[in-house]
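The report below is meant for someone meeting this structure for the first time. It moves from the annotated spans to the contact between the chains, and then to one helix.

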Amino acid sequence: MKIPKSIYLFFIPGLALYALFFLFPTVSALYYSFTDWDGISADYSFIGLENYEKAAMGDSIFLKSVGNNLEFMFFVAIFQTLVALVFAIFLVKNTKFNYFLRALFFFPTILSSVSVAFIWAFVYDPNLGILNHLLTITGRGFLTQNWLGNGDIAIYSLAFTQVWFHAGQMLIIFVAGLHAIPMDLYEAAKMEGATRWQIFRKITWPLLAPSATIVIAYTTIQSFQAFDLVFALTGGGPNYATEIISTYIYNVAFRNFDFGYASAISVIFMAIIALITYIQFKVLRSGRVSY
Amino acid sequence: MFFRRFAVLIYAILILVPVIMVVLTSLKTLEQTFDNPLGIPVDGLILDNFRNIFQEQTMAGYFVNSSVVTLFSVSFTLFFASMIAYGITRLNNWKGNGLFVLFTVGMMVPPQVNMVPLYSLVSSLDLTNSLLGLILVNISSTLPVGVFILTGFMKTLPKELFEASTIDGAGNWQIFSKVVIPLSLPSLSATAIFLFVMHWNDLLYPLLFITDNAYKTLPLALLDFQGQYLTNYPMLFTGVLIASVPMVIMYIFLQRYFVAGMTSGSVKG
């Protein structure tokens, strides 16, 4: 059946905005990355690959921010996926109490990153923070820390906050995945006398692979988007210990006014994300089974 | 079984304690917070922080800005995304698939990637310090996820529906507005919730485009409070509470849709 040509009109308003405010800037990042533009003056010149050379060779802060971002990503991806999976299994039954708990664990997701940052700034505060207070009154004063001020652990403090923020959302995705597994598989396995570990290993885990793919892919993207949280909680400090790629782009562009260089980092950033996404899908797809 | 209950209890405490702490601290003075950060002071709780924050800050203005930006961004994203989803569903050929890919590519690109050229674009269009500018950028940034969820839903509608409507003489606009939209309401409401949370809480775009207090949204205003109040947590948490109230109320009443919306937005396997 022939569809009237008017169907093309349905794309116009959305496509116009999307082209202007998403596609055009994304492509022009590439263009600016070959220039020395400062973002303000009208004239700038082309400097070839100089920005890329600087990023790859001479800029230790950039390399550090890539390292921090990867460390943050691995910690969050592993820890958050584990927490979400374990608690999804604990709360899989649809009882009233489990509904309530799932809703409670999901709750932080609806808060703004700035609010979450303030909450955890208070928890981690070295002087009047809850965490050090609790450690002191329970006689573990020797464990007190400057959780965000100590460059060796600040990135983990941030990663823990990120897990607190988003694990509930991943838990819900896993619960939906668990509910999609046919019950008769479990009954058959029990009749055959399978142990709980065997059931998990042979039924739950492989059939949960699609949900795990979603959770890990989403967690990874979120780790790269953690800009708001890092910006509001540490601003990348102390001494660049929590600088991630996106906060570094912001600093280079809007504090150093080096738009050309910031654009080059943005292009590299996009390439890193594309590469990691590709690897993930290769690895996770290969683990899929169906019964 | 014991371990399971214990672990769940710990997790519940980890969520509840910070939340209770925010509420309690907003009802305490700074001295009371210093003396005992977790306890309830003997001399009672106070509402001074709420009075002070409304006196010292243009809270009502920030609240209105956030509401205007969120309402317009959500409704226009939904409107444009559902039109595109309808177009893709009806075309159902390589052109439709190509457009679907073009739009959903945007989901994989974090908004921080193009913040530099986007900033130059918005300032050259004279749309900085403008709620309109914020709304336009918001719409284009959430169109991908909207198109993704709504196309997924509309593809499940029976083809006969479109054919029967066409035979009855309905044009595209009539089929879209009279048939497809009413049938898509569950998916639309889930998407709406997802978009509400995203736009209400967004910091990046206001941070990039707004410097004038008259146009600041709540998350950006909160960030400023950090500069003014430093570690005056009672004031900061009063701000957090006011900024979170609309989402919390929506969450309590529309919980089912939140869970559906916030997870459908993430399903891109």
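## Annotated spans and a helix at the chain contact

In this predicted model, residues 66-280 of chain A form a span that is 73% helix and 0% strand, with its end C-alpha atoms 18 Å apart. UniProt, in an unreviewed entry, lists these residues of chain A under "domain: ABC transmembrane type-1". An annotation with that name, again from an unreviewed UniProt entry, covers residues 63-254 of chain B, where the chain is 81% helix and 0% strand and the end C-alpha atoms are 21 Å apart.

For chain A, UniProt (unreviewed entry) also places the feature "transmembrane region" at several stretches, including residues 7-34 and residues 203-221. The table sets these two beside the domain spans.

| Span | Helix | Strand | Distance between end C-alpha atoms |
|---|---|---|---|
| Residues 66-280 of chain A | 73% | 0% | 18 Å |
| Residues 63-254 of chain B | 81% | 0% | 21 Å |
| Residues 7-34 of chain A | 75% | 0% | 40 Å |
| Residues 203-221 of chain A | 95% | 0% | 28 Å |

As for the confidence of the prediction, the model scores ipTM 0.89 and pTM 0.89, while chain B has a mean pLDDT of 88, with 97% of its residues at 70 or more.

How many residues of each chain are in contact with the other? There are 72 residues of chain B in contact with 71 residues of chain A. On the side of chain B that touches chain A, the most is given by helix H1 (residues 2-26) of chain B, which provides 10 residues. That side of chain B is made up of 50 nonpolar, 18 polar and 4 charged residues.

Helix H12 of chain B, at residues 218-229, has 12 residues and reaches 16 Å from its first C-alpha to its last, which is close to the 16 Å expected at 1.5 Å a residue. Within H12(B), the buried residues include Leu218(B), Pro219(B), Leu220(B) and Ala221(B), and also Leu222(B), Leu223(B) and Phe225(B). What covers them comes from both chains: helix H5 (113-124) and helix H11 (227-233) of chain A are among the covering elements, as are helix H4 (59-91), helix H10 (185-201), helix H11 (204-209) and helix H13 (233-253) of chain B. Just after H12(B), Leu230(B) takes a positive phi of about 50 degrees.

Notes: Residues are numbered from 1 along each chain as its sequence is written. Chains are lettered from A and ligands numbered from 1 in the order in which they are written. This is a predicted model: local features need pLDDT of at least 70, side-chain atom pairs count only at pLDDT 80 or more; totals for chains, interfaces and linings use all residues. UniProt positions are given in the numbering used here, feature names are shortened, and annotations may be inferred rather than shown by experiment. Helices (H or I, at least four residues) and strands (E, at least two) are DSSP runs, numbered from the N terminus. pLDDT is the predictor's confidence in each residue, from 0 to 100. Two residues are in contact if their C-beta atoms, placed from the backbone, lie within 7 Å. Ala, Val, Leu, Ile, Met, Phe, Trp, Tyr, Cys and Pro count as nonpolar, Asp, Glu, Lys and Arg as charged, and the others, Gly among them, as polar. The expected span of a helix is 1.5 Å times one less than its number of residues. A residue is buried if 20 or more other C-beta atoms lie within 10 Å of its own, exposed if 12 or fewer, and partly exposed in between; C-beta atoms are placed from the backbone.
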